[in-house]
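Me: Could you take a close look at one part of this model for me? I would like to know what it sits among and how its surroundings fit together.

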Amino acid sequence: MPSNAVQEQVTTVQELVTTAVREHVTTAVREPVATAVREYTTGSLAPVPQTYTHKTRQEEVLLRTWERTGPDAFTVTAEWPRDHRFYRTRHGLLDPMLLSETIRQTLPLLSHGAYAVPLGHQLLWQDLDWHMATPAPAAGPEIPMGLEGPLAPHARSDSAPATPAGLESPVALRAGSDPEPALVELRITCPKVTYRRDRAASIALSVEVLRDGAPFATAHSRFTIQDRAVYERLRGRYADIGALRVLPLSPPASPRPVGRDGFEDVVLSPTHTPDRWQLRADTTHPILFDHAVDHAPGMLLLEAARQAAQALAHPTPTIAVGMESVFTRYAELDVPCWILADAHPADSLGRTRVHVTARQNDRDIFTSTVTLAPLPTHL
């Protein structure tokens, strides 16, 4: 999903839709939606339609069932395959990016299924934060051993986001020997929903994720929604996917430092600087480009942040246990996009944090602070 437009893009949209805003935007819920919200029914699990996830390949749909449990509260179940073609199980652990993709799929699900957004409208990601469950620290949390160089824990950040107490991460990601998919439950609340006429125009959601009944992760996200006509005016020439020019695919970085097993899944291209890469946007990739789009998908940017963070931590084997990401601009496919990484102070548990920035046309279009934990020696 795309990033939110910056100020000049917002200004353009405001000029284009001033009349529509005066006529349609309201802080009150119009009657069709208000009635649906008032008359919600609990205990009515329903299957998740494939179209409500914006995935064209059925096998890529992670969500299984959903139900409304309150006026702006929902429970969603998802299954994580242990043998996914892209989100691979490595070192006996499920890929934490399955959490990002699961949250991403809930955005269209709630938009279309709960908040009257017609199919074909565009969802614009603003931000996504998630953190794996971690045990509450004792009197003096131990600093993970084995990190060397610029990413060695040299400082503690008192402002690091709180994480839920539960199964210890990254052990919480253990795949186990059971070949069946891992079942997770998402308990979602939407504390802020704004409306345009009878559909949602923006949604903020908070998510508590459970696995085997135990706290597994928490997540927060915000996104806005545009009807197709406004979106096409906002995107201008980029809205014509058929005429879109895409840069030639640059060579991939070495897979192992970025936490990948094969070149085909590497989304970074090396430069002469060890903490700077070019984004590889392989529009033929069956997972990251599940369908034709006019920009680099949000999941591609998140994957680039994860790979850059792990590359900076290399040769220490690590796994992402948290991400705090902000989408500022669309990442265009016809202009080079540069990925830069630098070390941040460690969090309150001594875990490594890496700040990743995507820069295009000399402007920052995306940022993500990735928290890394050393791989456990025993699962």
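**Helix α3 and its surroundings**

Reply: Thr106 counts as buried, at 0% relative accessibility, and that makes it a good place to start. Do keep in mind that this is a predicted model. Thr106 belongs to helix α3. Setting aside neighbours within four places in sequence, the contacts of Thr106 are Leu63, Leu186, Ile188 and Leu205.

Let's step back to the helix. α3 covers residues 97-114 and is 18 residues in length. From its first C-alpha to its last, α3 reaches 25 Å, close to the 26 Å expected at 1.5 Å a residue. Of those 18 residues, 17 are buried, so α3 is largely enclosed by the rest of the structure.

Two further polar members of the helix are worth visiting. Thr102, also placed in α3, is buried with a relative accessible area of 1%. Beyond its neighbours within four places in sequence, Thr102 touches Leu62, Leu63, Ala78, Trp80 and Leu186. Leu63 and Leu186 therefore appear in the contacts of Thr102 and in those of Thr106, while the accessible area of Thr106 stands at 0%. Ser100 is in α3 as well, and is buried with a relative accessible area of 0%. Its contacts, again leaving aside neighbours within four places in sequence, are Trp125, Leu128, Trp130, Met299 and Leu302.

The contacts of Ser100 lead us outwards. Trp125, Leu128 and Trp130 lie within the range of strand β5, residues 122-132. Met299 and Leu302 lie within the range of helix α5, residues 298-313. Ser100 and Met323 are 223 residues apart along the chain, yet their C-alpha atoms are separated by 9.1 Å.

Met323 brings us to the strands. Strand β11 spans residues 318-327, and nine of its 10 residues are buried. β5 and β11 run antiparallel and are joined by five bridges, with Asp127 standing opposite Val326 in β11. β11 is also joined to strand β14 (residues 363-374), by nine bridges and again antiparallel. Here Met323 stands opposite Val370 in β14.

Now for the nonpolar core. In soluble globular proteins, nonpolar side chains tend to be buried together. The largest core in this model holds 91 residues, of which Trp80, Tyr115 and Ile339 touch the most other members. Helix α5 supplies the largest share of this core, with 10 residues. Trp80 has already come up, as a contact of Thr102.

Tyr115 deserves a look too. Leaving out neighbours within four places in sequence, Tyr115 is in contact with Pro71, Asp72, Phe74, Leu110, Cys190, Val193, Tyr195, Asp198, Arg199, Ala200 and Ile203. Beyond α3 comes Ala116, whose phi is positive, near 60°.

One last point concerns the cysteines. Cys190, a contact of Tyr115, is buried with a relative accessible area of 5%, and Cys337 is buried too, at 3%. A disulfide is a covalent bond between the sulfur atoms of two cysteines. With a cut-off of 2.5 Å between cysteine sulfur atoms, the count of disulfides comes to zero.

Definitions and conventions: Residues numbered from 1 in each chain as written. Predicted model: local features only at pLDDT ≥ 70, side-chain atom pairs only at ≥ 80, totals over all residues. Heavy atoms only, no water. Core = buried A, V, L, I, M, F, W, Y, C linked by side-chain atoms within 4.5 Å. Buried < 20%, exposed > 50% of the residue type's maximum accessible area, 1.4 Å probe, protein only. Helix = DSSP H or I, 4+ residues; strand = E, 2+ residues; numbered from the N terminus. Contact = heavy atoms within 4.5 Å. Pairing = 2+ DSSP bridges. Expected span 1.5 Å × (residues − 1).
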